[in-house]
Amino acid sequence: MSFKRENKNRPREQSSKKPVPVFRDVFQVKKRHHRDPRYDDLSGSYNPRIFMENYEFIKDIKEREKKELEYELENVGENETTKKEKLKYLLQRMENQERNRKLLEKQREEQLKEQEEIMEAAKQGKKPYIPRKTEIKTKQLVQTFQSLKKSHRLEKYMERKRKKNFSKDRKRFFE
């Protein structure tokens, strides 16, 4: 392949008059197809109950890690404040995750119970009563208020709600 140029300062050009050779050393690289298991049918459908059963061992690991963090927090020196703060943050985060997991589990159990009641009514020949979303929300609100009242945290919760609503109202008024 010879490149020609009319002037030494011009870039080299290949003649367009020469035919392109039939056999070229061109090979196709096989394109890798990446698939996301969350949206792929090959991975199966997601069932949270089965997922929780399969990964039950993670709870034990997290519990062990939590104990280790508590032990580490007790043995941290007084002059290591940054490390102490990090450990406190991690512990708080783990406790929040555990609380959230328990709450979700409880909600799932309640949903299953309601579904069983609906199925029972259908089997007996009655017209099944399916509650509306608003009814479910009010029921959950009542439950949260009752649990807060039992644990004597209702006042604190209501105070936070008031502050939040006040700030929302303030934003609306001054916009």
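## A first salt bridge and its setting

In this predicted model, Lys-59 and Glu-56 are joined by a salt bridge whose closest N and O atoms are 2.8 Å apart. Neither partner needs to be read as a purely interior or surface residue: Lys-59 is partly exposed, with a relative accessible area of 25%, and Glu-56 is likewise partly exposed, at 37%. Elsewhere, Glu-98, Arg-101 and Glu-105 are linked into one network by salt bridges that share partners.

## Further salt bridges

The count of salt bridges comes to ten. Two others involve residues with numbers in the thirties and at 40. Arg-35 and Asp-40 meet through their side chains in a salt bridge, with 2.8 Å from N to O. The two ends of this pair differ in their surroundings. Arg-35 counts as partly exposed, because its relative accessibility is 47%. Asp-40 has a relative accessible area of 19% and is therefore buried, since the limit for that class is under 20%.

The other pair is Asp-36 and Arg-38, whose closest N and O atoms are 2.6 Å apart in a salt bridge. Asp-36 is partly exposed, with a relative accessible area of 29%, whereas Arg-38 counts as exposed at 63% relative accessibility.

## Overall architecture

The chain holds five helices and zero strands, and from the N terminus on its elements run α-α-α-α-α. Its radius of gyration is 33 Å, well over the 16 Å that the globule rule gives for 175 residues, so the chain is more spread out than a compact globule. Taken along the principal axes, the box filled by its C-alpha atoms is roughly 95 × 70 × 50 Å.

Figures for burial and surface add to this description. Of the 175 residues in the chain, 7% are buried. The chain exposes about 18100 Å², and carbon and sulfur atoms supply 53% of that area. Among contacts with a separation of 6 or more, 32% are between residues 24 or more positions apart.

## Confidence of the prediction

The mean pLDDT of the chain is 87, and 96% of its residues reach 70 or more. Among the elements, helix H1 (residues 48-54) has the lowest mean pLDDT, at 87. The highest, at 94, belongs to helix H2 (residues 57-74).

## The annotated coiled-coil region

In an unreviewed entry, UniProt lists residues 52-125 under "coiled-coil region". In the model, this span is 86% helix and 0% strand. The C-alpha atoms at the two ends of residues 52-125 lie 34 Å apart.

## A buried leucine in helix H2

Leu-69 lies in helix H2. This leucine is classed as buried because its relative accessible area is 12%, and the class takes in values under 20%.

The contacts of Leu-69 reach other parts of the sequence. Residues up to four places away aside, Leu-69 touches Leu-87, Leu-90, Leu-91 and Met-94. One of these, Leu-91, is 22 residues from Leu-69 in sequence, and the two C-alpha atoms are 6.9 Å apart in space.

## An exposed serine before helix H1

Ser-16 is found in the segment before H1. With a relative accessible area of 70%, Ser-16 is exposed. Its C-alpha atom is separated by 68 Å from that of Leu-90, and the two residues are 74 positions apart along the chain. Leu-90 is also among the residues that Leu-69 touches.

## A backbone feature between helices H4 and H5

His-152 is found in the loop between helix H4 (133-150) and helix H5 (154-173). The phi angle of His-152 is near 60°, a positive value in a residue other than glycine. Most residues other than glycine have a negative phi. The relative accessible area of His-152 is 73%, so this residue is exposed.

How values were computed:
Residues are numbered from 1 along each chain as its sequence is written. This is a predicted model: local features need pLDDT of at least 70, side-chain atom pairs count only at pLDDT 80 or more; totals for chains, interfaces and linings use all residues. Side-chain values use heavy atoms; hydrogens and water are left out. UniProt positions are given in the numbering used here, feature names are shortened, and annotations may be inferred rather than shown by experiment. Helices (H or I, at least four residues) and strands (E, at least two) are DSSP runs, numbered from the N terminus. A salt bridge is a side-chain nitrogen of Lys or Arg within 4 Å of a carboxyl oxygen of Asp or Glu. Buried means under 20% relative accessible area, exposed over 50%, partly exposed in between (1.4 Å probe, protein chains only). The radius of gyration is taken over C-alpha atoms; the globule rule is 2.2 Å times the number of residues to the power 0.38. Contact means heavy atoms within 4.5 Å. Accessible areas come from the Shrake-Rupley method with a 1.4 Å probe; for residues, only the protein chains shown count as cover. pLDDT is the predictor's confidence in each residue, from 0 to 100.
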